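User: I have a structure here and would like to know how its labels are earned. Could you take me through the reasoning, one term at a time?

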Amino acid sequence: MHWKDTYRFLSKLTPLRIWNMMQLVSSFYISKWLKKPVHMGAPMTISFEPTTACNLRCPECPSGLRSFTRATGNLKQDFFRSSLDQLASRLVYLIFYFQGEPYINPDFLDMVRYAHEKGIYTITSTNAHFLNNENARRTVESGLDRMIISVDGTTQEVYEQYRKEGKLDNVLKGTENIIRWKRKLGSATPHVIFQFLVVKPNEHQIPELYELAERMGVDEVKLKTAQVYDYQNGNPLIPDTDKYSRYRKLPDGTYTIKNRLLDQCWKMWHACVITWDGIVVPCCFDKDAVHRLGNLKDADFRSVWNGQAYAEFRRKILKGRGNIDICRNCTEGCRVWA
């Protein structure tokens with residue numbers, strides 16, 4: 001975070017939220033030491049899925065591939081509000097993203113405003129194709145704290161190799177709209193980040209991305225390593241530059257994940273993901289909601305968070321994270337911070 005963004009985040013903290021964070025950290029380390037799940041507190045971070053729909057067809061994304069086996073749809077505003085009301089007093093950080101393009105949900109910005117009014121730091125990730133003049137103005141007025149814009153190429157030819165059916169001109173115009181309305185309304189938010197998913201077709205354009213961001217007045221640039229599903233025998237998306245790859249080539253020509261799978265996961269103690277239709281899943285790697293820990297349409301959040309299914313999943317993490325399918329290609333510790 002840049003200092004202004006950091007200050008904004010810290011300003012959201014209350015005594016209750018700080019106490020809750022202390023409980024989460026304590027129980028996480030106690031669980032590591034005891035090798036059994038001990039949990040205190042409520043989540044400090046939640047991801048809500050505004051929609052599963054997307055206008056693009058990115059090759060490593062279930063939304064882009066239209067490959068979900070779970071139900072698809074839009075998050076309803078009344079369900080979002082009732083769920084958030086259960087969490088807001090201890091919640092610090094709310095991510096409006098899981099799968100799909102958030103701006104496709106017509107109620108998206110109303111939900112952002114509702115969370116903002118409860119003093120929660122809000123963030124979203126977008127492909128920026130829907131940031132017309134009106135949406136850009138409403139975004140700034142909503143109080144959204146941080147906006148991650150996917151810019152995976154500095155020319156259309158490179159950009160569309162991953163962002164299938166996307167138009168770079170739309171992304172840049174949408175970014176300009178946001179920055180113009182920030183200035184017009186005298187707003188420091190949202191903190192605008194250009195996120196660059198580093199893959200082989202675009203890695204040579206990283207220097208150009210920094211120049212583009214500075215020229216446009218973007219607040220920050222972040223480089224992100226790409227998750228590749230079929231990586232064992234190589235993949236045309238795996239970058240040549242080692243520090244931008246999650247995978248390492250072995251002497252026999254096959255590939256393996258670089259990071260060591262420790263039998264722990266901080267996310268399982270402080271965060272979770274809620275799908276558009278109320279299913280609670282462990283994290284953003286469970287894209288098809290295979291590991292269902294509860295459903296907020298059937299139970300209140302506290303009973304799910306402290307329930308048997310959650311406890312059992314945490315137990316599996318501590319026993320052997322490598323035995324859980326969604327953990328084996330996990331990015332924990334793999335982000336390249338710019």
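User: What makes β10 and β11 a pair of strands?

Analyst: Happy to help, and please keep in mind that this is a predicted model. Two strands pair if there are at least two bridges between them. Strand β10, residues 279-281, is joined to β11 by 2 bridges, so the pair meets the cut-off of at least two. The two strands run antiparallel, and I279 has N295 in β11 as its bridge partner.

User: Why is β11 called an edge strand?

Analyst: An edge strand here pairs on one side only, and that holds for β11 (294-295) and for β6 (220-225). They are the two ends of an open sheet of 9 strands with mixed pairing, in the order β6-β5-β4-β3-β2-β1-β9-β10-β11.

User: How do you know that the pairing is mixed around β9?

Analyst: Look at both partners of β9. With β1 there are 4 bridges, and these two strands run parallel. With β10 there are 2 bridges in the antiparallel sense. I274 shows both sides nicely: F48 stands opposite I274, and V280 in β10 is the bridge partner of I274. The hairpin of β9 and β10 has 4 residues between the strands, and G278 there takes a positive phi near 95 degrees.

User: Which way do the side chains of β9 point?

Analyst: A271 and V273 point one way, C272 and I274 the other way, and all are buried. In a regular strand, side chains alternate between the two faces of the sheet.

User: What makes I274 stand out in the core?

Analyst: I274 is among the residues that touch the most other members of the largest nonpolar core, which has 85 residues; the others are F80, L94 and F194. Leaving aside neighbours within four places in sequence, I274 is in contact with residues including I46, F48, F79, V280, L296 and F301. In soluble globular proteins, nonpolar side chains tend to be buried together. There is also a second, separate core of 9 residues, with F9, V92, Y121 and I123 among them.

User: Which helix lies across β9?

Analyst: That is helix α4 (residues 77-87), which lies across β1 (45-48), β2 (93-96) and β9 (271-274). The helix runs at about 175 degrees to β1.

User: Why is the contact between D5 and R146 called a salt bridge?

Analyst: The cut-off is a side-chain nitrogen of Lys or Arg within 4 Å of a carboxyl oxygen of Asp or Glu. For D5 and R146 the closest N and O atoms are 3.0 Å apart, so the pair qualifies under the 4 Å limit. This pair links distant parts of the chain, with D5 in helix α1 (residues 3-11) and R146 in strand β4 (residues 146-150), 141 residues apart. Both D5 and R146 are buried.

User: And how do you know that R8 and D145 belong on the list?

Analyst: Their closest N and O atoms are 3.8 Å apart, so this pair also falls within 4 Å. R8 and D145 are both buried. Through shared partners, D5, R8, K12, D145 and R146 are joined into one network. The structure holds 14 salt bridges.

User: Why is K118 called partly exposed?

Analyst: Buried means under 20% relative accessible area and exposed means over 50%. K118 has 31% relative accessibility, so it counts as partly exposed. K118 forms a salt bridge with D85, with the closest N and O atoms 3.4 Å apart. D85, at 44% relative accessibility, counts as partly exposed as well.

User: Where do K35 and A128 fall by the 20% and 50% cut-offs?

Analyst: K35 has a relative accessible area of 53%, so K35 is exposed. A128 has 1% relative accessibility and therefore counts as buried. Each has a positive phi without being a glycine: about 60 degrees for K35 and near 65 degrees for A128. K35 sits in the loop between α2 (15-34) and β1, while A128 lies in the loop between β3 and α6.

User: What makes the bond from T189 to P190 cis?

Analyst: Omega is near 0 degrees for that peptide bond. P190 lies in the loop between α8 (168-185) and β5 (191-198).

Conventions. Residues numbered from 1 in each chain as written. Predicted model: local features only at pLDDT ≥ 70, side-chain atom pairs only at ≥ 80, totals over all residues. Heavy atoms only, no water. Contact = heavy atoms within 4.5 Å. Axes fitted to C-alpha atoms, helices over the stretch in contact; angles between N-to-C directions. Buried < 20%, exposed > 50% of the residue type's maximum accessible area, 1.4 Å probe, protein only. Core = buried A, V, L, I, M, F, W, Y, C linked by side-chain atoms within 4.5 Å.
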